Amino acid sequence: MLEHLINGLVLGGTYALVAMGLSLQYGIARIMNLSFGDTIIAACFATYILFSSFGINPIVALAIILPASYIVSLGVYRLMMEPLVKRAPDEGALEVDSILLTFGLLFVIQGCLLVIFGGGYISYSFMNTPVSVLGTLVSGNRLLALVLSLAIGAALVIVLYRTRWGMILRAVALAPKSAPLFGIDTDKAARMAFAIGGTMAATGGVVVSMFQTFTATTGVVFTMKALIVVILGGKGSVPGAIVAGLLLGLVETFVAAYIDPGLTLASVYTVFLLLLLVRPNGLFGKA
Amino acid sequence: MKNFLSGAMRAPRHLATCAVAALAITGSATGLAAQDREAVTIGYAISKSGPNAGGADMTVTPNYELWIEEVNAAGGLKMPDGTRLPIEAIAYDDRSSTEDVVRAIERLATQDKVDLILPPWGTGFNLAIAPLMAKFGYPHLAGAAVTDKASDFVERWESSFWFMGGSHDYVSAFTEILVAEREAGRINDKISMVSVADGFGIDLVKAARPSFEEAGFDIVYDKTFPPETSDFATIVSEASNSEADTFVAFTYPPHSFGLTKQAKVASFNPEIFYLGVGAGFPVYPNIAGGSVEGVMSLGGIDPNNELNSAYRAKHEEIIGRAPDYWGSVLIYASLQMLEQAIERVGLDKEAITAEISTGTFATVLGEETRLENNQLRAINWVGQWQDGAFVAVSPEGSEGLAAVQLPKPNWD
């Protein structure tokens, strides 16, 4: 029982880590980023190359990949998203436009990765060492994902709810039309939220690459999972993403242990469906 | 011509149809007088993107590229009259979709009018194109396809050849080893088994259940999981609680890698640890992060076979990485057979089919490789990691097969 609880939390930590960035991008910048998973995969490849070709430890690689991904995300926003934001008459239109654009971006990223790295399976071993948590052996790299997601989540919550800058971001998320009336630069807030979201995708990618086998085309799997977590948790809600991520991890693990590993996916979608029926805006979402 | 017309009927625009038909007529007219041709066009559709890209990129595509490069470096394909014609390759990406692979084969046959078509990766994909290949009369050298129904298929599609055996072959060879180990008192009669709920996993587990049970084994843990699964903590912990000495997993590479990592973390070290696709990849020890001694899977090679060693060296030299230890060499052998058949009978598709069916060839598998009922049977069914190589094994060892070494030692 305890063993499954721990395994479930560790698995959920990965989901939460991967989903928080999408939640920020969707909630604050209002960009429904379908290329989110491919950003994760790009970071996976970057980590793999730094590790296997240059011998750079993936933890150290974070110091290179995170600033790089922030800059790249900022560039993507400036170059591609900003024109959409400027011409979109309302939120709904921006959402549709951003879905179309990022759907295209997905294939661009995927195509580039395919050309550079080919379609083969990539996997390497790092921190695959057993760590005992209350008597359950979990792998170090997965535990790192849980710890990172909790730490980043906590930091984000503090920033969002305890700082002036966080308040600005929340204002933009809550009332994008009224925020400028208070002298808030909504463009800047959205830009930064998008870039921070991209950076968090990269963080997820670096950590996930340590334990998960990936190919140039597996990004969509991450996008799907992150999307479920974001909608389940309530869009834009960081605590929501963490709770929903951990919940999914627990559901999957308990179903695999007590019912059947074949039903893990079905159980995820059942939980998704039930929760949406009860709370259409997600666990922490506002109407 | 009838075939061509029925294919063209489906073309959306009449103008295009007319244009293609006109081209086809002129094409076939000159095709007859092809003695002074300058090249042999060989087409293939392969998964370069999508979920199948990983498998295709390991086992099939590199061998096509290697073979074409080797042939062209030697001046081209040798014809019966001694002249050599270089290969011009046309490759399409089927994007891991069976609809696309069928469309691409149709295109290769009717529009590109290639001389020969090489098959795609995967059992389902080969079955999808088999009727087309037969219809257009191309020899179909189904390499990366595991099927128990090959004997039926060769009757339905006479130009089809099957190079990778069937699930029963792999499972019964493995069961033999299990029985021998149980008789030697090294394992108990319990098996824990998981499989991926997708093509390969379903086929193998369907063959394995009756095979294990007939041999008197008790399958105490028998679960399937969806292909998207990436976390194996629960499965490994349930399997290790099952008291079975034998762990069998019919899996694709991501699962094989994930299970290995999790088994190391959880110190799950059953007497027999058998995985599906991926455990025979040369990168597997690297991915596992250290020793994989004793891990078993499908395939395996004979490390003392010089032909095979030369092939592996050449593959590494030209492609830049080593081939896998299961399907690669079979694919390459099928290409060698095709090459030698052309050298004997020329480019007539029917003659090539007949020659491959009945001829004897010198391939990487041996000096005298021949097919039985259009199927390659000289396949290594079970392999095991021994001293850093994935070698083909049998219970006692024999010609070309090492003796299996069990129980599996500890991870590291």
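**A walk through a predicted two-chain model**

The UniProt record, in an unreviewed entry, lists residues 40-388 of chain B as "domain: Leucine-binding protein". The structure shown here is a predicted model, and within it the stretch of chain B from residue 40 to residue 388 is 45% helix and 19% strand, with its end C-alpha atoms 40 Å apart.

From chain B we can move to the place where it meets its partner. The contact draws on 31 residues of chain A and 36 residues of chain B. On the side of chain A that touches chain B, at least two residues each come from α1 (2-27), β2 (136-139), α9 and α10, and α1(A) contributes the most, with 4 residues. Sorted by class, this side of chain A holds 13 nonpolar, 16 polar and 2 charged residues.

Two of the helices just named, α9 and α10, also pack against each other within chain A. Two packed helices are described by the angle between their axes and the distance between the axes. For helix α9 (residues 238-259) and helix α10 (residues 264-278) of chain A, the axes come within 9 Å and cross at roughly 135 degrees. Because an angle of that kind falls outside the ranges that count as roughly parallel, roughly antiparallel or roughly perpendicular, α9(A) is oblique to α10(A), and the crossing of the two helices is right-handed.

Which residues in α9(A) meet α10(A)? On the α9(A) side they are Leu248(A), Val251(A), Glu252(A), Val255(A) and Ala256(A), and they meet Thr264(A), Ser267(A), Val268(A) and Val271(A) in α10(A). By class, this contact between α9(A) and α10(A) comprises 6 nonpolar, 2 polar and 1 charged residues.

Technical notes
Residues are numbered from 1 along each chain as its sequence is written. Chains are lettered from A and ligands numbered from 1 in the order in which they are written. This is a predicted model: local features need pLDDT of at least 70, side-chain atom pairs count only at pLDDT 80 or more; totals for chains, interfaces and linings use all residues. Axes are lines fitted to C-alpha atoms, for helices over the stretch in contact, and angles run from 0 to 180 degrees between N-to-C directions. Angles under 35 degrees count as roughly parallel, over 145 as roughly antiparallel, 65 to 115 as roughly perpendicular and the rest as oblique. A crossing is left-handed if the near helix is turned anticlockwise from the far one by less than a right angle, and right-handed if clockwise. Two residues are in contact if their C-beta atoms, placed from the backbone, lie within 7 Å. Ala, Val, Leu, Ile, Met, Phe, Trp, Tyr, Cys and Pro count as nonpolar, Asp, Glu, Lys and Arg as charged, and the others, Gly among them, as polar. UniProt positions are given in the numbering used here, feature names are shortened, and annotations may be inferred rather than shown by experiment.
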